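Student: Before accepting any label, I would like to see the criterion behind it. Could we go through the labels one by one?

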Amino acid sequence: MSAIHLKVNKVKDDLYEIEGDGGNVAVYVTSEGLILVDDKYDRDHDAIVAQIKTFSSAPVKYIFSTHYHEDHSGGNGKFLPTAEVISTANARAGIVNRVQSNRVGDVQPARIVFTQETSVFLGGKEVRARYFGRGHTNGDAIIYFPALRTIHTGDMMAGATPLIDYPGGGSIVEWTRTLDAAMKDLDFDTVIPGHGPVTNKAGLATYRNNIEKERNQVSEMLRQGQSAEAIGKMLIADYKWADKDLHFMWSLPGMLKELK
């Protein structure tokens, strides 16, 4: 296998982001150890550890898992011997029940779960995880660094257009409501997305509005009696959906059913 190339970005004091290969990893440095958000694929473990060593020699103590997909939770197994992984109960169930159809590795589920909210306090710092509702899946956690006014969205914000995992309980109708609740309840200015560059609250609001626009376009085409093929072509042209990609396996059939 070719070498894995990851990149570290400093987001704020004691908060770093590792990007490349799988989902974006956040690393919060405290005097008693590190708190991570997500851990990419199993294959990325050594590269993540190597990147962390460029700014901290502290051990990883906790990992918040934003959701069950392998590109965000695949490294759990290699961290679990010495760290605790925390996720929503639904995200754990997604791993245990092998809901992800294209999963390759033996992803290990969290040993600690929550349903609505939990926090870790380490070295005088707090990291909070909240479940605001369905969107990308039915178990997406938004991770909040209150002292830094920063959130990690997992794939509730990722790339240019949303992937709705309907087999995993996702919803394009609920997605905007979930983001609205997070933006209303959390005091933040900086956003680490699940994939893509670090942005801000205005960037997240724009992403939310694009989801609403996409949903409205599909709903209108359904009202006009247009075919699934025509809707798929529109989504490719206007929202850069990739033909035969997971969008068409996971998102399109569920979206058409949800919006009818």
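What follows is a conversation about the terms used for this model and the values behind them.

Tutor: This is a predicted model, in which local features need pLDDT of at least 70 and side-chain atom pairs count only at pLDDT 80 or more, while totals for chains, interfaces and linings use all residues. Residues are numbered from 1 along each chain as its sequence is written, and side-chain values use heavy atoms, with hydrogens and water left out.

Student: What makes Ser101 exposed or buried?

Tutor: Buried means under 20% relative accessible area, exposed over 50%, and partly exposed in between, with a 1.4 Å probe and protein chains only. Ser101 has a relative accessible area of 52%, so it is called exposed. Ser101 belongs to the loop between α4 and β7, where helices (H or I, at least four residues) and strands (E, at least two) are DSSP runs numbered from the N terminus.

Student: Which residue makes a side-chain polar contact with Ser101, and how do you know that the term applies?

Tutor: The partner is Trp250, whose side chain is 3.1 Å from that of Ser101. A polar contact is a pair of N or O atoms within 3.5 Å; within protein, one must be able to donate a hydrogen and the other to accept it, and residues adjacent in sequence count only if both atoms are side-chain atoms. The value of 3.1 Å lies within 3.5 Å, so the distance criterion is met. If neighbours within four places in sequence are set aside, Ser101 is in contact (heavy atoms within 4.5 Å) with Met249 and Trp250.

Student: Why is Glu17 said to have no salt bridge?

Tutor: A salt bridge is a side-chain nitrogen of Lys or Arg within 4 Å of a carboxyl oxygen of Asp or Glu. For Glu17, which is buried, the nearest side chain of opposite charge is Lys40, 7.4 Å away. Lys and Arg count as positive and Asp and Glu as negative, whereas His and the chain ends are not counted. Because 7.4 Å is not within 4 Å, the term is not applied to Glu17.

Student: Which side chains make polar contacts with that of Glu17?

Tutor: Among them are the side chain of Asn9, at 2.7 Å, and that of Asn24, at 3.2 Å. Asn9 also stands opposite Glu17 in β2, the strand of residues 15-19.

Student: What makes β1 and β2 a pair?

Tutor: Two strands pair if DSSP finds at least two bridges between them. β1 and β2 have five bridges, in the antiparallel sense, so the criterion is met. On the other side, four bridges join β2 to β3, again running antiparallel, and Tyr16 stands opposite Val27 in β3.

Student: Why is β2 described as largely enclosed?

Tutor: Four of the five residues of β2 are buried, so the rest of the structure largely encloses this strand.

Student: Why are β1 and β7 placed at the edges of their sheet?

Tutor: Their open sheet of seven strands has the order β1-β2-β3-β4-β5-β6-β7, with mixed pairing. β1 (7-12) and β7 (112-114) each have a single partner strand, so one side of each is left without a neighbour in the sheet. The twist averages 20° from one strand to the next. Helix α1 (residues 45-52) packs on this sheet, and its direction makes about 145° with that of β2; axes are lines fitted to C-alpha atoms, for helices over the stretch in contact, and angles run from 0 to 180 degrees between N-to-C directions.
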